[in-house]
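Please read the following report alongside the sequence and the structure, which are shown here. The text moves from the packing of the interior to the domains and then to a sheet.

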Amino acid sequence: MQTRFDCGELKLNKIPSQREDLGVLEGYHSPQLEVSVRLNTNESPFPLPDAFTQEFGSAIEKLDLNRYPKRSASELCVSIADKEILKESEVFVANGSNEVIQSICLAFGGYGRSALIFEPTYAMHSQIAKITGTRVLEGFRNSAFQVDENLALEVIRRERPEIVFLCSPNNPTGNTESLELIDAILFELNSTGGLLVVDEAYKEFSDTSSELKVSEDSNLAFIRTFSKVRSLAGVRLGYLLAPEWCVNMVKTVSLPYHLDSVKQIAGILALKYEDEMKRNLELIKKERKKVFDGLLSLPMKVWPSEANFLLFKPESIEAYKLWQELLDEGILIRDCSSWDGLDGCLRVTIGSESENDTFLDVVRKIVK
Ligand SMILES: Cc1ncc(COP(=O)(O)O)c(C=O)c1O
């Protein structure tokens with residue numbers, strides 16, 4: 001039988017054209033290579049405890065996977081809200097904090113609107129903003145990777161961005177943003193009506209990051225993730241902490257049932273393993289000091305970090321050469337040397353004790 005849509009002899013003549021503004025975007029992807037020491041994407045080197053795996057397994061067995069997940073993910077939101085001493089209505093959960101960033105850009109950005117970012121910073125803020133058609137305003141950090149307050153305020157006054165992204169601790173530089181800067185930006189946004197989004201993916205690793213709170217009277221929102229200290233990068237779970245009005249606006253752009261049942265359970269259970277999380281956190285901080293001191297004893301510039309990674313700049317060898325030689329030895333780190341403001345820089349994630357020892361031994365061998 002011949003259907004109406006049978007193409008028969010028809011040859012493909014023209015493929016659909018992609019949006020012009022997407023063609024200029026370069027992908028942001030760290031290479032995923034099979035190596036023995038993976039220190040390139042700031043994951044936790046520690047799996048969740050066996051007790052989690054068992055509980056998770058039996059909870060999955062009981063799931064009615066033929067049914068859609070709970071759309072509101074309310075049990076997970078309540079668990080997060082309880083930890084943060086917030087209300088359930090001040091939490092929005094998503095598929096990794098990248099989806100939170102996307103939802104913010106969809107809700108507040110888009111064509112004719114703009115987002116301000118300060119380079120060098122987490123590349124997905126600008127990448128996702130551009131994908132959503134949001135114009136990106138680029139500010140640049142000073143040589144100590146700090147955001148200049150006057151510059152930030154001047155751009156906000158002039159351009160009136162709908163979104164301002166800060167990252168604290170900042171990826172890939174490791175420093176935190178000061179409370180004074182955040183306050184000054186918030187004060188300015190109070191009259192322009194923009195939203196300040198502080199990406200706190202690495203907050204737990206920091207001893208000095210400002211203890212800011214969500215308030216209904218403030219244009220301030222925070223992004224958090226289960227991918228780092230909570231050891232759940234494979235599950236893809238992140239969240240937004242924000243005033244209720246902001247959460248409601250963000251929810252309008254999320255797809256129905258966007259957070260699957262398995263993920264919701266993983267998040268609720270992972271939050272129960274607080275002691276293990278804190279123990280791992282202390283181990284990472286101790287290891288961070290070891291790796292920092294180890295790199296500093298070599299011809300390198302190393303920046304102090306309040307996250308689970310270190311930015312460094314080799315002085316006796318080209319960055320890409322060191323990156324390649326490490327890779328030849330089965331160690332993968334992040335080559336940031338072509339990123340704006342990071343000429344010659346590399347970033348290494350703090351891994352397990354033995355991964356860090358291997359990394360330092362091999363770097364010493366290459367550099368000396
Ligand atoms: C600053 C920052 N925000 C967000 C993310 C994305 O995290 P997620 O795995 O929750 O999407 C990362 C990942 O490396 C990050 O560095």
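In this predicted model, Leu240 touches Phe92, Val100, Ala221, Ile223, Val247 and Val250, when residues up to four places away in sequence are not counted. Leu240 is also, together with Val93, Val164 and Val197, one of the residues with the most contacts inside the largest nonpolar core, which has 86 residues. Helix 4, spanning residues 96-108, supplies the largest share of this core, namely six residues. Because domain 1 (32-41 + 275-367) and domain 2 (67-272) both give residues to the core, it lies between them.

The two domains come from the domain assignment of the chain, and their C-alpha centres lie 26 Å apart. Where they meet, 20 residues of domain 1 are in contact with 21 residues of domain 2. On the side of domain 1 that touches domain 2, the elements giving two or more residues are helix 10 (274-296) and strand 10, and helix 10 gives the most, with five residues. The residues on that side of domain 1 divide by character as follows.

| Character | Residues on the side of domain 1 that touches domain 2 |
|---|---|
| Nonpolar | 12 residues |
| Polar | four residues |
| Charged | four residues |

Strand 10 also belongs to an open sheet of four strands, which are ordered 9-10-13-12 with antiparallel pairing. Strand 9 (300-302) and strand 12 (334-335) are the edge strands, each of them pairing on one side only. Between them in the order, strand 10 (residues 309-314) and strand 13 (residues 346-349) pair in the antiparallel sense over four bridges, and Phe312 has Leu346 in strand 13 as its bridge partner.

Note on methods. Residues are numbered from 1 along each chain as its sequence is written. This is a predicted model: local features need pLDDT of at least 70, side-chain atom pairs count only at pLDDT 80 or more; totals for chains, interfaces and linings use all residues. Two strands pair if DSSP finds at least two bridges between them. A nonpolar core is a set of buried Ala, Val, Leu, Ile, Met, Phe, Trp, Tyr and Cys residues joined through C-beta atoms within 7 Å. A residue is buried if 20 or more other C-beta atoms lie within 10 Å of its own, exposed if 12 or fewer, and partly exposed in between; C-beta atoms are placed from the backbone. Domain bounds come from an automatic or database domain assignment. Two residues are in contact if their C-beta atoms, placed from the backbone, lie within 7 Å. Ala, Val, Leu, Ile, Met, Phe, Trp, Tyr, Cys and Pro count as nonpolar, Asp, Glu, Lys and Arg as charged, and the others, Gly among them, as polar.
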